[in-house]
Amino acid sequence: MWSYQHAGFTVHQLPVLRDNYIYLIESRTSNALIAVDPAEAVTVRNACKLLGKPLTHIFNTHHHWDHTDGNLALKKDFACVIVGAGHDADRIPGIDLAVSESAPPQVDGLNITVLNVPGHTSGHIAYVMDDALFCGDTLFGAGCGRLFEGTPAQMLHSLNKIAILNGSTKVYCAHEYTLANLKFAQAIDADNPALIERIADDKNSRRQHLPTIPSSIAIETSTNPFLRPLDGSFCQIYATAHNINSDPLTVFTDIRRRKDAW
Ligand code: ZN
Ligand code: FE
């Protein structure tokens, strides 16, 4: 378990399954203890024991099993409140509170914003707490989620909402996919100095068995191949190299298609 301090809360990062992360958000001004996307229950239960506190909430970003499989067992143990997208109320196990961008959850001691970010799934949401972003499978380290239930236009719009957050915002995504994603990024953006630096940093972290996550919005906007289409000069260079239109959606769609075939 790794822990990160924010102004009013601490984020604990729990690696589970093959490459998932569950996050525990521990308020320092209330008794709130939130599990984000509990892929399984045992690890969360043990972490709660270690912290000496009961789980008060589960926040789900989307309905996939590797984000929700712990829901019912944890609810049974702790009678915690399960929070998820209203859009996915019929697909989130045990949901108690349906939220959206216009109706974020209210939790004592925390300042929470919800972003509707369809693309990976149609009801995917992200949670923003001050300078911490919990984005599930929408944005990854140097990558983005596959478009299982959405269009490239929806995903690009969703990623843009994330990209305009403060650059110092920490990106707590749900999978450790960064090194594999960086290989692909290098293939399409080889001359980007920020990318070259990131590859060295993240390889070094993994060599020491440390997570590459959280990254930050500033790191992602400068190196993530799915946020690079938001930069007009990148689009020009990419479009010329691949002989396509240089509008961001055409460039994004082409990069997503190449990644799917990678
Ligand atoms: Zn997913
Ligand atoms: Fe996932």
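## A cavity and its lining

Two strands, β3 (20–27) and β10 (132–136), each contribute at least two residues to the lining of the largest cavity. Of these contributors, β10 gives the most, with 3 residues. Please keep in mind as you look around that this is a predicted model.

A search of the whole structure turns up 1 cavity of 30 Å³ or more, and the volume of the largest cavity is about 30 Å³. Its walls are made by Y21, Y23, V36, D37, T61, F134, C135, G136, Y172 and A174. By character, the lining residues split into 7 nonpolar, 2 polar and 1 charged.

## Strand β10 and its neighbours

How many residues of β10 are buried? The count is 5 of the 5, so the strand is largely enclosed by the rest of the structure. In a regular strand, side chains alternate between the two faces of the sheet. Here A132, F134 and G136 point one way from β10, while L133 and C135 point the other way, and all are buried.

β10 has pairing partners worth tracing. With β9 the pairing is antiparallel, over 3 bridges, and M129 stands opposite A132 in β10. β9 and β10 form a hairpin with 2 residues between them, and D130 in the turn has a positive phi of about 50°. With β13 (residues 170–173), β10 pairs in the parallel sense over 4 bridges. A132 appears in this pairing as well, with K170 as its bridge partner in β13.

## The zinc site

Now to the metals. The zinc ion (ligand 1) has as its protein donors H62 (NE2), H64 (ND1), H120 (NE2) and D137 (OD), at 2.2 to 2.3 Å from the ion. Why does the arrangement come out as irregular? The 4 donor atoms around the zinc ion subtend angles of 87 to 172°, whereas a tetrahedral site would need all angles between 85 and 135 degrees.

Along the chain, the zinc donors follow the spacing H-x1-H-x55-H-x16-D. H62 sits in the loop between β5 (57–59) and α2 (65–68), and H120 in the loop between β8 (112–116) and β9 (125–129), so this pair ties together parts that are 58 residues apart in sequence. H62 counts as buried because its relative accessibility is 0%. H120 is buried too, with a relative accessible area of 4%.

## The iron site

Which residues serve as protein donors of the iron ion (ligand 2)? They are D66 (OD), H67 (NE2), D137 (OD) and H175 (NE2), lying 2.1 to 2.3 Å from the ion. This site is irregular as well, with angles of 83 to 168° among its 4 donor atoms.

The sequence spacing of the iron donors reads D-H-x69-D-x37-H. Within this set, H67 belongs to helix α2 and D137 to the loop between β10 and β11 (139–140), so the two tie together parts that are 70 residues apart in sequence. Both H67 and D137 are buried.

## The shared aspartate

One residue appears in both donor lists: D137 bridges the zinc ion (ligand 1) and the iron ion (ligand 2), which lie 3.3 Å apart. D137 lies in the loop between β10 and β11, and β10 itself supplies 3 residues to the lining of the largest cavity. G136, one of the residues of that lining, is buried in β10.

Key:
Residues numbered from 1 in each chain as written. Chains lettered and ligands numbered in written order. Predicted model: local features only at pLDDT ≥ 70, side-chain atom pairs only at ≥ 80, totals over all residues. Heavy atoms only, no water. Donors = N, O, S within 2.8 Å, 3.2 Å for Na, K, Ca; no water. Tetrahedral: all angles 85-135°; square planar, octahedral: opposite > 155°, others 65-115°. Buried < 20%, exposed > 50% of the residue type's maximum accessible area, 1.4 Å probe, protein only. 1 Å grid on protein atoms, 1.4 Å probe; cavity = no way out; pocket = protein on both sides within 12 Å on 5 of 7 lines; lining within 4 Å. Points joined across faces, edges and corners; volume = space filled by probe spheres on them. Nonpolar A, V, L, I, M, F, W, Y, C, P; charged D, E, K, R; others polar. Pairing = 2+ DSSP bridges.
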